[in-house]
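Colleague: Could you take a close look at one part of this model for me? I'd like to hear about the cysteines and the helix that one of them sits in, plus whatever connects to that.

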Amino acid sequence: MVAPPPRILSIAGSDSSGGAGIQADIKTITMLGGYAMTAITAVTAQNTRGVQGVEALPPDFVLAQVDSCLDDIGADAIKIGMLGSPEVAMRLAERLDTFSGTIVFDPVMVATSGSSLASEATIAAFGALMDIATIVTPNLPELAALTGRDQVAEEDIYNVAGELAERHDTIILAKGGHGEGHEVIDRIVSSSGKIASFGHARIDTRHTHGTGCTLSAALATFLGYRQPLTNAVRLARSFTFAAIENAPGFGEGSGPLGHEAVRKLD
């Protein structure tokens with residue numbers, strides 16, 4: 001008997017251009033053999049050049065989508081991305097507090113194009129979700145914002161990520177894509193200190209739209225397969241790296257990744 005695929009619920013915003021958000025999550029989860037479900041928090045009008053409009057959905061309706069999925073099909077892992085409003089963040093934290101599976105929280109604040117996707121009030125409400133998350137996946141600007149800093153120096157990443165991990169009793173995957181140098185280094189940190197780090201050569205490309213969404217969705221999927229954390233991160237990074245390498249070259253700005261071109265991981 002073939003084992004059923006891991007059930008992955010993505011709670012995030014919709015990207016009309018298909019490169020990030022719910023659309024990137026569905027592509028990622030499906031390509032990795034998972035069963036994708038969604039709860040849409042906001043609808044955006046956006047493309048590779050920027051975000052032209054955002055309409056947040058009512059918190060009651062966001063929660064209704066979550067309940068519809070969890071009360072029937074259930075989920076092995078949940079990925080949380082763009083939230084749309086502080087009310088949604090707080091309501092989700094209450095609803096998912098007793099969820100027994102893995103929760104991956106990608107604290108989305110700004111689109112790859114530079115457009116804001118979260119208000120200051122929404123960012124302030126992120127703490128409640130970090131309290132229930134299994135792992136949080138900030139990039140370096142997000143790590144700085146979550147710890148009240150203007151920026152995080154390369155030599156301080158472990159300490160700052162550890163501070164955030166201890167504050168919320170979670171694990172932090174500090175993504176290094178916004179760092180400097182020829183190598184991108186991602187660091188896994190707990191309140192006890194460094195767990196692991198992964199590095200790869202920086203890819204010289206403008207096609208990085210949806211990279212964070214893809215990584216967090218892939219991580220949720222591999223954790224849904226019950227992969228150990230460090231191996232799940234390794235595999236999620238490999239998938240994301242391959243999707244960047246296989247970007248189709250669409251758009252005039254920060255183009256989407258090539259999820260569909262990724263057929264097999266080593």
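Modeller: Sure, and keep in mind that this is a predicted model. Starting with the cysteines, a search of the whole structure turns up 0 disulfides. The nearest cysteine sulfur to that of Cys 213 belongs to Cys 69, and it is 18 Å away, so the two are too far apart for a bond. To count as a disulfide, the sulfur atoms would have to be within 2.5 Å. Looking from the other end, the closest cysteine sulfur to Cys 69 is the one in Cys 213, again at 18 Å and too far for a bond. Cys 69 is buried, at 13% relative accessible area, and Cys 213 is buried with a value of 13%.

Now to the helix. Cys 213 is one of the buried residues of α8, a helix of 14 residues. From first C-alpha to last, α8 reaches 20 Å, close to the 20 Å expected at 1.5 Å a residue. The helix is mostly covered, with 12 of its 14 residues buried. Among them are Thr 214, Leu 215, Ala 217, Phe 222 and Gly 224. An α-helix has 3.6 residues a turn, so residues three or four places apart point the same way.

Two residues of this helix also show up in the surroundings of Asp 25. That aspartate lies in helix α1, residues 21–31, and Asp 25 is buried because its relative accessible area is 0%, with under 20% being the cut-off. Leaving aside neighbours within four places in sequence, Asp 25 is in contact with Cys 213 and Ala 217, and also with Ser 10, Ala 12 and Lys 79.

Just after α8 comes Arg 226, with a positive phi of about 70°. Most residues other than glycine have a negative phi. Arg 226 is not a glycine, yet its phi is positive. Arg 226 is found in the loop between α8 (211–224) and α9 (229–245). Its relative accessibility is 71%, so Arg 226 counts as exposed.

Elsewhere, Asp 169 makes a useful companion to that arginine. Asp 169 has a phi near 50°, a positive value in a residue other than glycine. Asp 169 lies in the loop between α7 (157–168) and β7 (171–174), and at 66% relative accessibility Asp 169 counts as exposed.

Note on methods. Residues are numbered from 1 along each chain as its sequence is written. This is a predicted model: local features need pLDDT of at least 70, side-chain atom pairs count only at pLDDT 80 or more; totals for chains, interfaces and linings use all residues. Side-chain values use heavy atoms; hydrogens and water are left out. Helices (H or I, at least four residues) and strands (E, at least two) are DSSP runs, numbered from the N terminus. Buried means under 20% relative accessible area, exposed over 50%, partly exposed in between (1.4 Å probe, protein chains only). Contact means heavy atoms within 4.5 Å. The expected span of a helix is 1.5 Å times one less than its number of residues.
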